[in-house]
Amino acid sequence: MEEILVVAEHRKGDLRDITFEMLNFAQTFASQNQMKLTVLLLGQNISEMAGRLEDSCDNLLVLDAPELAAYSPDPYLLVIEKTMQERKSFLTLMGHTAAGMDLAPPLAARLSLPLMSDCLDAKLDNGQLEVHRQIYGGKINAHLRLKHFDQYLVTVRPGCFPASVNHDRSANKVAIEPPAWTEFRRRFLAYVEAELADVDITAADILVSVGRGIGKPENISAVQEFADAIGATLSCSRPVADKGWLPKSRQVGTSGKTVRPKVYIALGISGAFQHQAGMKNAETIIAVNKDARAPIFNVAHYGIVGDLFQVIPILKDKFS
Ligand SMILES: Cc1cc2nc3c(=O)[nH]c(=O)nc-3n(C[C@H](O)[C@H](O)[C@H](O)COP(=O)(O)OP(=O)(O)OC[C@H]3O[C@@H](n4cnc5c(N)ncnc54)[C@H](O)[C@@H]3O)c2cc1C
């Protein structure tokens, strides 16, 4: 029976959400296509993490070794490459995360496999793999059908599937043999903690978020006034943080924070997928943008096409 292989990801002793998101997808995919679901877990002192995975997959491959204590590309590549070569899984999934982006291209090159990166979904249609990706900064959804191949490698965008899994399987646990370790050219030194946040935007019920549409830093005060008037906290898209108009700790998105407020008001934010990934699960999203085709409107529950400087006083009036 063919299999789908999920490469588990963890950090500082805890499985990351992306592991469960991939499992959520893989459980459905495996059931729909009569495949076995296998998880590969690499690390050191990982028995507790293994315990959390063993009832959600059919095979759990574990390698517990000091070389794998923290993610580092050289040892991880060796083990994953060897495992993929031996198992020849039909579909191998990795997170489209810093680690997945680091590992997937060299694996695809070494094993001559087709790689589809940053996928939002995948399915088999008449035996052919079809993946869903976004291109042009999220403006276009592309459904791509891949040429026939025996094995595929796919990286999955974080946040596309719920991080919840069914616990209805009982894994066959296998301690895999370590490869012949070669000399590592790169090694893990330390985790560098993010700078201390001025406010915790993840704890706010209402966020007013500003994007490049704000134009210049002097305009932030008008938005801050609006936020204060409705009891909201100010957050932003990446360009606003990059320019130093607001602290980095206020940035929402893949390289910022993931937020789930009750209300998220996006002002002058186009809605690139890196931004959406951090806010699309807000309960109510209100977007103001002068471009009716801005991708933010794809996730907004309420959209206002207009100049944010004209809309803010109206919203302030209505909400406060
Ligand atoms: C690896 C990587 C990680 C990234 N991580 C993040 C991340 O964490 N967070 C993030 O936000 N981005 C991130 N980005 C950047 C992302 O791709 C976009 O470039 C960014 O989100 C765009 O920010 P924006 O919407 O503020 O600016 P723009 O895309 O320039 O959009 C500005 C919007 O404002 C509108 N506008 C202009 N003037 C007005 C006005 N007066 N009234 C109303 N609307 C107006 C325009 O129509 C436009 O839609 C990342 C990119 C990469 C490559």
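This passage walks through the two domains of a predicted model, their sheets and helices, and the surroundings of a bound ligand.

A good place to start is the overall layout. The domain assignment of the protein divides it into domain 1, residues 3-175, and domain 2, residues 201-319. Between the C-alpha centres of domain 1 and domain 2 there is a distance of 33 Å.

The tour continues with a sheet of seven strands. This sheet is open, and its strands follow the order β7-β11-β6-β1-β4-β5-β12 with parallel pairing. Its edges are formed by β7 (115-119) and β12 (172-175), each of which pairs on one side only. On average, neighbouring strands of the sheet are turned by 20° against each other, with direction ignored. Inside the sheet, strand β6 (residues 91-95) runs parallel to strand β11 (residues 152-156), and five bridges join the two. One pair to look for in the structure is G95 with V156, its bridge partner in β11. Helix α1, made of residues 17-32, lies across β1 (3-7), β4 (36-43), β6 and β11. The helix runs at about 155° to β6.

Another open sheet is built from five strands, in the order β14-β13-β15-β16-β17, and here the pairing is parallel. The edge strands are β14 (233-236) and β17 (302-305), and each pairs on one side only. Neighbouring strands of this five-stranded sheet are turned by 20° against each other on average, direction ignored. Four bridges connect β13 (residues 206-210) with β14 in the parallel sense, and V210 stands opposite C236 in β14. In general, strands of a sheet pair through backbone hydrogen bonds, in either a parallel or an antiparallel arrangement.

Two helices that pack on the five-stranded sheet deserve a look. Helix α5 (residues 220-229) touches β13, β14 and β15 (263-267), and its direction makes about 170° with that of β13. Helix α9 (residues 308-319) touches β15, β16 (284-289) and β17, and the angle between its direction and that of β16 is about 145°.

The ligand is the next stop. It is surrounded by 25 residues, of which R212, S237, S255, S270 and N289 are the closest. Helices also take part in this shell: α6 (238-242), α7 (273-279) and α9 each supply at least two residues. Thus α9 both packs on the five-stranded sheet and contributes to the shell around the ligand.

Individual atoms fill in the picture. An N or O atom in the side chain of N289 is 2.7 Å from an oxygen atom of the ligand. The backbone is involved too: a backbone N or O atom of G256 lies 3.3 Å from a ligand oxygen atom, and a polar backbone atom of L308 is 2.8 Å from a nitrogen atom of the ligand. Taken alone, the ligand exposes 990 Å², and the protein buries 74% of that area.

Notes:
Residues are numbered from 1 along each chain as its sequence is written. This is a predicted model: local features need pLDDT of at least 70, side-chain atom pairs count only at pLDDT 80 or more; totals for chains, interfaces and linings use all residues. Side-chain values use heavy atoms; hydrogens and water are left out. Two strands pair if DSSP finds at least two bridges between them. Axes are lines fitted to C-alpha atoms, for helices over the stretch in contact, and angles run from 0 to 180 degrees between N-to-C directions. Contact means heavy atoms within 4.5 Å. Domain bounds come from an automatic or database domain assignment. A residue is near a molecule or strand if one of its heavy atoms lies within 4 Å of it. A polar contact is a pair of N or O atoms within 3.5 Å; within protein, one must be able to donate a hydrogen and the other to accept it, and residues adjacent in sequence count only if both atoms are side-chain atoms. Accessible areas come from the Shrake-Rupley method with a 1.4 Å probe; for residues, only the protein chains shown count as cover.
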